Amino acid sequence: MNPVFLQAAIFITGCAGIVAEYVLSTLATYILGNSVFQWTMVMSLMLFAMGLGSRLSRYFKDYLFDFFLFAEFTLSVLCALSAVVSYSVSAYFQPSSTALIIYFHSILIGMLIGMEIPLVTRINHNYTDLRINISSIMEKDYYGALIGGIFFVFIALPYFGLTYTPAVLGSINFFVAVMLILNYFSILKFKKTIVFAGTVSFLFLTVIFVFAKPVIFFSEQKKYKDTIIYEEQTRFQKIVMTRWKDKIWLYLNGQQQFSTYDEKRYHEPLVHPVMNISNSPENILVMGGGDGLAVREILKYKNVKKIDLVDLDPKMTDLAKNHPVLTSVNKGSLNSEIVNVHNNDAAFFLESSGDIYDVIILDFPDPDSMDLMHLYSEHFYKLINKHLSRTGAFVTQASSPYFTPKVFISIDKTIQSAGFSTIGYHQNVPTMGDWGFIIGTKNDVYSDKILRKKYEEIKLDEVDTDFLTDDVLKSMLYFGKDVFSGIDHEKIMTNTKSHPVIFRYYDKGRWDIY
């Protein structure tokens, strides 16, 4: 028996194993939210299950090669089914039940992955010295894991998405089993049974490749009230657009970004106050806002000379530039000759750029996951301070002061700790709820009192708005006395990179009542 094929099989299964962990973690994150928690839970459960699988392998004393092939065929089916099962379950069950099913699926796959190395090591021990046997098997497995990670990030997720990546993954395990059967058929004990198992696996994979997309699309559609007109899984997020009558909704990773029903009630308050507080708004930086709607509002100011838009996902900005639905909403804003699109992480862009801006607009997703914490940190706001002109101003969306008042307060305190005077305001957006914004200016230029006075003096006579008026603008400064009642402001902490607290505040918000 030539051990080369066995070692090649371990390299390939090592690749497939790590991709299985990434696929299930990504599925759990997209369907259930809370990326850090889901990745931690899924990866931990799979590693634990791999330990169980490794232990169970000791009870297979004979016909090890046959059992290894059975494991590969079973693994191919379970991996291929992961997306179909996860999406289907999420359409009909509560999140807690969905989580349990995804975790149980992860454990089953983890147990089978855990059996692979012990079985192959024992099969191979008759042909290789123990010292070389163990090191070469582990070596191939770890090398395969590196290739698997690269494959998942750069090929599988962007090109196959979560729809077909699991099926491709299942096909890899199926290919390994077939390759070994072709090379070692003569030593098999249960030849007919294994051929039957391979045939069943092949049929399962074929059915999954054919029906995965319609099944997942149907399950996705059940999650949204309106008809899905566009969906794409990118390297960074799941983009979904839905339509109801003549209105459009955009979702990123299941979270609503805007609805054309009322998006101007969000984007006009985001943009126009800060544009009028800055003394000379000529050079503008927008971070987030890859849909181009904030840029649409900025372009209403004739004195603007340059707009830099920084958004992590090139697919999102390409969509905003070219998709007819989005260009009709954003008025083709990202195709303006004064707009420069930079597909980069916001913090990295600021750290590597030397430009100074008169207005900076932060239109990031809500801080509902740990990977967004750095964009709401004291360190990040200090970077904003460095890039803001002396009499400039910046604004950030600050989540809902009604549903997450502690988040709003924490963002305000964090901005102040970075050397800014601040003023907070809010506006009701029917499809999103009461939404908050915070404007900051350098505290050695304007005090909080002077900043408020400048805000109250804003006149929108020369700007074409569909929603905002001078009176509405002033009314946004006032909060009901019950919004922050019962909250000790002194106990609300600032959000730092070393001690992120906003995510914890956000998680304890009152979203369940909306």
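This report looks at the salt bridges of the structure above and at how accessible their residues are.

The structure is a predicted model, in which local features need pLDDT of at least 70, side-chain atom pairs count only at pLDDT 80 or more, and totals for chains, interfaces and linings use all residues. Residues are numbered from 1 along each chain as its sequence is written, and side-chain values use heavy atoms, with hydrogens and water left out.

Let us start with the count. A salt bridge here is a side-chain nitrogen of Lys or Arg within 4 Å of a carboxyl oxygen of Asp or Glu. How many salt bridges does a search of the whole structure find? The search finds 14, and the table shows some of them.

| Salt bridge | N to O distance |
|---|---|
| K140 and E139 | 3.4 Å |
| E231 and K238 | 3.5 Å |
| K300 and E297 | 2.9 Å |

Now to accessibility. Buried means under 20% relative accessible area, exposed means over 50%, and partly exposed lies in between (1.4 Å probe, protein chains only).

In the first pair of the table, K140 is partly exposed at 22%, and E139 is partly exposed too, at 30%.

The pair of E231 and K238 is mixed: E231 is partly exposed, with 26% relative accessibility, whereas K238 is buried at 6%.

Is E297, the partner of K300, buried or partly exposed? E297 has 0% relative accessibility and is therefore buried, while K300 is partly exposed at 24%.

The bridge between K300 and E297 also has company: a network of salt bridges links E263, R296, E297 and K300.
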